[in-house]
Amino acid sequence: MPAEPGGPGVLRPDITFAYGAAAGLAGDLLLGDPRRGHPVAAFGRAAAAVERRLWRDHRGWGALHTAVCTGGAVAAGALATACTRRSRAAAVALTAAATWAVVGGTSLGREARAIGGALAAGDIEVARERLPHLCGRDPQALDGPGIARAVVESVAENTSDAVVGALVWGAVGGVPGLVGFRAVNTLDAMVGHKSPRHRRYGWASARLDDIAGWPGARLTALLATASGPDPRGAARAWRRDAAKHPSPNAGPVEAAFAGALGVRLGGTLSYGGRVEHRPVLNGDAGRAVRVGDIERAVRLSRRVGVLALAVCAGGRLAAGALRRRRA
């Protein structure tokens, strides 16, 4: 492992990220998320405790909640990085552990395949029971094709949120970037929705998630377009339909997946009893989602995750080389 000139045991940050992120993503591919004691679940419990103390029906208090929780996560990552700075093995191990903790591609694929298996077996009740593990849709409002469509949409969006976005911010900021992005994404899932309790309080978390997710969503859409079964269809759907989606980040990702897979996404859906009528993505060229498309979406998601690692690690190495040439 190449080391910094100033010390034989100090690994360069770009090499640390490349090795650590590769090991962490491999750990996720092999092991998935831990069954118990997941660091993200621990963060969620801490964030919920902060919310119980700070909650007011006010944007300012919600912004404070976002700052405390996100800032705490980033500070913890920075402190851990500082503690391992003099050890090559510890620095790589920390990056690997952080990457494994914040990415969730394997668990995403397992849940999607479990629902697909239930639908293929004709057991729609089991599929409905498992759907909340993957997304926040109202399962009782969905038939089999509706559940299949919800799964494909969730696989697409979570490829960006649970894999690519974290790798992008890890390449930018190391371990603090990895844990900071996942903290922002988790807060958005907890308080960023438009329920009566969180319409104002969760505003800051939702806006910060939009900003943090922007680069990962575009990289996800680009890689899905490049590596999917129909690159032209993906590019066409992304260009034509992404802006129709109410989310600035889910729009490009879902449109690119829809075009790549040749299916229609979007339309009417229900969250917590609230019905939304979203524009259809790839409506002219796509067909209705089938159960078999769940497996195709999972495979595309995995390809995108591996390619994202290559892009992010390569980008970090190139940036490091450029800085050293200028020094």
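This passage goes through the helices, a surface patch and the cysteines of a predicted model.

Helix α7 is a good place to start. It covers residues 144-191, and a straight helix of 48 residues would span 70 Å at 1.5 Å a residue. In the model, though, the end C-alpha atoms of α7 are only 29 Å apart. There is a kink of about 145° at Gly173, shortly before the proline Pro176. Helix α7 is also mostly covered, with 38 of its 48 residues buried.

Another glycine, Gly305, sits in helix α11, which takes in residues 292-326. Gly305 has a relative accessible area of 5%, so it counts as buried, the cut-off being under 20%. Measuring along the sequence, Gly305 and Leu167 are 138 residues apart, yet their C-alpha atoms lie 8.9 Å from each other in space.

Out on the surface, Trp61, Leu64 and Val68 make up a nonpolar patch of about 250 Å². Of these residues, Trp61 belongs to helix α3, residues 59-83. With a relative accessible area of 35%, Trp61 is partly exposed, because that value falls between the 20% and 50% cut-offs.

As for the cysteines, the count of disulfides comes to 0, going by sulfur pairs within 2.5 Å. Cys83 has a relative accessibility of 63%, which is over 50%, so it is classed as exposed. Cys312, on the other hand, is buried, since its relative accessible area is 6% and the limit is under 20%.

Definitions and conventions
Residues are numbered from 1 along each chain as its sequence is written. This is a predicted model: local features need pLDDT of at least 70, side-chain atom pairs count only at pLDDT 80 or more; totals for chains, interfaces and linings use all residues. Side-chain values use heavy atoms; hydrogens and water are left out. Buried means under 20% relative accessible area, exposed over 50%, partly exposed in between (1.4 Å probe, protein chains only). Patches are made of residues with over 30% relative accessible area and no salt bridge: like charges are joined within 9 Å, nonpolar side chains (Val, Leu, Ile, Met, Phe, Trp, Tyr) within 5 Å. Accessible areas come from the Shrake-Rupley method with a 1.4 Å probe; for residues, only the protein chains shown count as cover. A salt bridge is a side-chain nitrogen of Lys or Arg within 4 Å of a carboxyl oxygen of Asp or Glu. Helices (H or I, at least four residues) and strands (E, at least two) are DSSP runs, numbered from the N terminus. The expected span of a helix is 1.5 Å times one less than its number of residues. The bend at a residue is the angle between axes fitted to the seven residues ending there and the seven starting there.
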